[in-house]
Amino acid sequence: MSWAARLLGCAAVRAAGRAFGSVHARRHIALSTTLVASCKDTRTCRVNFAEEELRKKLSPLEFHVTQEKGTEPAFTGKFAEHKGKGTYGCVVCQAPLFASQAKYDSGSGWPSFYNIIRANAVSHSKDRSHGMHRTEVTCGQCGAHLGHVFDDGPPPTGKRFCINSASLNFNPSAEEEGGAEAVEEAPVKPEL
């Protein structure tokens, strides 16, 4: 499979690459496709969006972070110091990812969480970009880039999900909005 097909995860690109055969042809087809879906693997992600739709829906920073694996500058994100009670979700597909109870101040400059809201909320993959060995975290539903996970977090998981604010939205709990106390799911230890 070509590097472009792996990067985009688009079945149409893989099929076209096989049909055209050459690496150059596959590269050209992959780079010219308009379906740059947020889902990097159409076999595992349940939600896909066309590039034009995402460019309309997301801010330039949100698009850069979630679709181009960008990173917002440290200490600049809207959720870096956020203390509200509720659920942090994917800015692309709205899937719930992290409960506010799992958020903590790691001092890194990005929102940090020690746990995910449920076992399949995020996906993990090796990231060897920028000369580093890290584990990338993507939305388990749409494949949007969220950030990275490290093994230097607090108990009980020992994980630090270092997430870009630009990849998140926030849904306040009923308690935060002045209603009844919200029911939270039990913590799940992420499997890496």
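Here, a residue is buried when its relative accessible area is under 20%, exposed when it is over 50%, and partly exposed in between. The model in these views is a predicted one.

**Figure 1. The whole chain, for orientation.** Before zooming in, here's the layout: the chain has five helices and nine strands. Starting from the N terminus, the elements run α-α-α-α-α-β-β-β-β-β-β-β-β-β. Of the 192 residues in the chain, 48% are buried. Among contacts with a separation of 6 or more, 56% are between residues 24 or more positions apart.

**Figure 2. Helix α5 and what its buried residues pack against.** In α5 (60-67), the buried residues are E62, F63, V65, T66 and Q67. Their packing partners are α4 and β7. Just past the end of α5 comes K69, whose phi is positive at about 55 degrees. Keep K69 in mind, as this residue is also one end of the salt bridge in Figure 4.

**Figure 3. A salt bridge within helix α4.** The chain holds five salt bridges, and this view shows the one between R55 and E51, with the closest N and O atoms 2.9 Å apart. Both partners sit in α4 (residues 51-57), four residues apart, or about one turn of the helix. As for the spacing, an α-helix has 3.6 residues a turn, so residues three or four places apart point the same way. Is each partner buried or exposed, or something in between? R55 is partly exposed, because its relative accessible area is 46%. E51 counts as buried, because its relative accessibility is 19% and the cut-off is under 20%.

**Figure 4. A salt bridge between E136 and K69.** Here the closest N and O atoms are 3.3 Å apart. This pair ties together distant parts of the chain, with the two positions 67 residues apart in sequence numbering: E136 belongs to strand β6 (residues 134-139), while K69 is in the loop between α5 and β1 (86-90). E136 is buried, because its relative accessible area is 4%. K69, at 42%, is partly exposed.

**Figure 5. The open sheet and the strands around β6.** Six strands make up this open sheet, in the order β3-β4-β8-β7-β6-β5, with antiparallel pairing. At the edges are β3 (103-104) and β5, each pairing on one side only. Look at β6 from either neighbour: β5 and β6 run antiparallel and are joined by six bridges, and V122 stands opposite C139 in β6. On the other side, four bridges join β6 to β7, again antiparallel, with V137 opposite G147 in β7. The hairpin of β5 and β6 has six residues between the strands, and one of interest there is H130, with a positive phi near 60 degrees.

**Figure 6. The second largest pocket and the salt bridge at R134 and D127.** This pocket has a volume of about 290 Å³. It is lined by 16 residues, and those closest to its centre are T71, D127, R134, H145 and H148. Which elements give two or more residues to the lining? They are β5 (122-127), β6 and β7 (145-150). The most comes from β7, with four residues. By type, the lining divides into three nonpolar, seven polar and six charged residues. Two of the residues named above, R134 and D127, meet through their side chains in a salt bridge, at 3.3 Å from N to O. R134 and D127 are both buried.

**Figure 7. K159 and F113.** A last close-up goes to the loop between β7 and β8 (160-163), where K159 lies. K159 counts as buried, because its relative accessibility is 13%. In sequence, K159 and F113 are 46 residues apart, yet their C-alpha atoms are 7.8 Å apart in space.

Definitions and conventions
Residues numbered from 1 in each chain as written. Predicted model: local features only at pLDDT ≥ 70, side-chain atom pairs only at ≥ 80, totals over all residues. Heavy atoms only, no water. Buried < 20%, exposed > 50% of the residue type's maximum accessible area, 1.4 Å probe, protein only. 1 Å grid on protein atoms, 1.4 Å probe; cavity = no way out; pocket = protein on both sides within 12 Å on 5 of 7 lines; lining within 4 Å. Points joined across faces, edges and corners; volume = space filled by probe spheres on them. Nonpolar A, V, L, I, M, F, W, Y, C, P; charged D, E, K, R; others polar. Pairing = 2+ DSSP bridges. Contact = heavy atoms within 4.5 Å.
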